[in-house]
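Trainee: Could you take me slowly through one part of this model, the surroundings of a bound molecule, and tell me what lies there?

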Amino acid sequence: MTMTPVIIGGGSWGCAIASALIRTGQHVELLVRRQATVDALAAGQCMQLPDAAQMPPMAASLAPACLQTASMIFVVVPVAANPAAFDTIATHGTAGVPVILCAKGISSHNGQDAQLLTHAAQQALPDHPIAVFSGPSFADEVLAGLPAALVAASTSPAVLEMIQTAFQHSNIRVYTHNDPDGLALAGAMKNVVAIAAGCAVGLGLGDNAKAAIITRGLAEIARLNHAIGGDAETIFGLGGVGDLALSCAGPHSRNMAFGLALGAGDAVPDKLAEGSRTVAALALMGRHKKVDLPITNAIDMVLNHGQNLDDAVKALLARRPGTE
Ligand SMILES: NC(=O)C1=CN([C@@H]2O[C@H](COP(=O)(O)OP(=O)(O)OC[C@H]3O[C@@H](n4cnc5c(N)ncnc54)[C@H](OP(=O)(O)O)[C@@H]3O)[C@@H](O)[C@H]2O)C=CC1
Ligand SMILES: O=C(CO)COP(=O)(O)O
């Protein structure tokens with residue numbers, strides 16, 4: 001029986017991860033939800049990246065039975081679809097097979113609670129070791145074969161070794177560490193900071209304001225990371241500063257593009273911006289942990305509580321500045 005990596009989700013990032021593994025000569029299967037996606041992938045097309053370079057044809061299926069022979073399972077659907085993916089793995093996956101979380105956000109049920117994806121996965125999948133795969137990585141660039149450096153984090157050295165080996169000789173260079181919670185949190189939070197940075201630029205507040213938001217946003221990430229017991233070094237690595245820098249660089253990031261449109265008073269793009277979906281849970285987590293998250297809270301007020309963006313900016317600037 002041949003064991004193959006299986007990727008749940010055939011969107012931008014699922015295709016990009018698959019393309020990197022295929023480049024090393026591995027057979028990969030994608031588990032998707034629509035026949036149209038199966039057909040597009042077989043023709044070497046990613047539906048979410050129509051302008052991307054031609055990719056290799058990819059084997060995809062609608063049948064979760066493909067999980068039975070998975071050597072490792074990448075979960076690459078939006079955060080909101082992760083619980084259903086975990087249920088599918090619990091039903092069809094083989095115990096002991098690593099589950100690698102690739103989404104960037106916080107798990108939440110109807111805005112009533114807030115949970116790191118790592119904790120949600122551990123609860124739903126007690127028989128599977130869990131890893132987080134994150135870092136600065138725009139899917140279209142990975143799909144085009146350009147180099148990227150990512151981080152895999154798990155408490156299992158064997159799982160880290162497996163992931164590193166899987167991507168050896170691909171265009172993804174994998175660094176490892178043992179702080180999955182910190183890595184999951186940093187990936188979720190950078191999206192919200194990118195929305196805030198986009199808002200500042202869209203409002204015409206200038207480069208100084210953008211740099212201030214990135215830096216104070218990083219301080220928020222570090223504070224909440226400390227509160228959840230994450231490793232401070234995670235925040236200064238690829239999955240922290242690295243991904244924050246990438247996402248705040250410009251409209252290539254969907255989260256930054258969302259913020260730019262919001263700031264400029266334009267309609268927001270019709271693309272996934274995980275930060276807009278995760279900010280409520282993140283603000284809730286900050287309240288539960290009693291951590292001050294002014295930028296996160298401001299974006300939550302604007303997106304979920306009807307606050308005017310100008311008023312949110314005024315409220316942020318009216319805060320008494322403290323020590324750095
Ligand atoms: N794109 C990137 O550069 C990167 C993205 N990520 C993260 O990866 C995650 C996925 O993003 P990305 O691939 O870009 O998103 P896309 O919008 O490109 O693709 C999403 C994929 O998930 C599927 N999907 C969406 N909703 C559901 C659902 N409710 N149930 C089952 N499947 C669903 C879509 O299926 P369908 O086509 O049928 O709608 C599609 O295959 C996000 O959390 C993102 O932050 C991480 C690193 C880089
Ligand atoms: O996470 C990403 C790059 O690392 C993708 O960012 P966006 O979802 O903002 O495009």
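Mentor: What follows is a close look at the surroundings of ligand 2, and then at the sheet of the protein. Please keep in mind that this is a predicted model.

The shell around ligand 2 is made up of K104, G135, P136, S137, F138, K190, D243, L246, S253, R254 and N255. Sorted by class, these surroundings hold three nonpolar, four polar and four charged residues. Two helices, α10 (238–247) and α11 (254–264), each provide at least two residues of this shell.

Looking at individual atoms, we find an oxygen atom of ligand 2 at 3.1 Å from a polar backbone atom of G135, and an oxygen atom of the ligand also lies 3.0 Å from a polar backbone atom of S137. With K190 it is the side chain that takes part, since one of its N or O atoms is 2.9 Å from an oxygen atom of ligand 2. Taken alone, ligand 2 would expose 300 Å², and the protein buries 91% of that area.

Turning to the sheet, we meet eight strands in an open arrangement with mixed pairing, in the order β3-β2-β1-β4-β5-β8-β9-β10. At its edges are β3 (59–61) and β10 (172–177), each of which pairs on one side only. Within the sheet, β4 (residues 70–75) and β5 (residues 99–101) are joined in the parallel sense over three bridges, and V75 has L101 in β5 as its bridge partner. Helix α6 (residues 157–167) lies across β4, β5, β8, β9 and β10, and runs at about 170° to β10.

Notes: Residues are numbered from 1 along each chain as its sequence is written. Chains are lettered from A and ligands numbered from 1 in the order in which they are written. This is a predicted model: local features need pLDDT of at least 70, side-chain atom pairs count only at pLDDT 80 or more; totals for chains, interfaces and linings use all residues. Side-chain values use heavy atoms; hydrogens and water are left out. Two strands pair if DSSP finds at least two bridges between them. Helices (H or I, at least four residues) and strands (E, at least two) are DSSP runs, numbered from the N terminus. Contact means heavy atoms within 4.5 Å. Axes are lines fitted to C-alpha atoms, for helices over the stretch in contact, and angles run from 0 to 180 degrees between N-to-C directions. A residue is near a molecule or strand if one of its heavy atoms lies within 4 Å of it. A polar contact is a pair of N or O atoms within 3.5 Å; within protein, one must be able to donate a hydrogen and the other to accept it, and residues adjacent in sequence count only if both atoms are side-chain atoms. Accessible areas come from the Shrake-Rupley method with a 1.4 Å probe; for residues, only the protein chains shown count as cover. Ala, Val, Leu, Ile, Met, Phe, Trp, Tyr, Cys and Pro count as nonpolar, Asp, Glu, Lys and Arg as charged, and the others, Gly among them, as polar.
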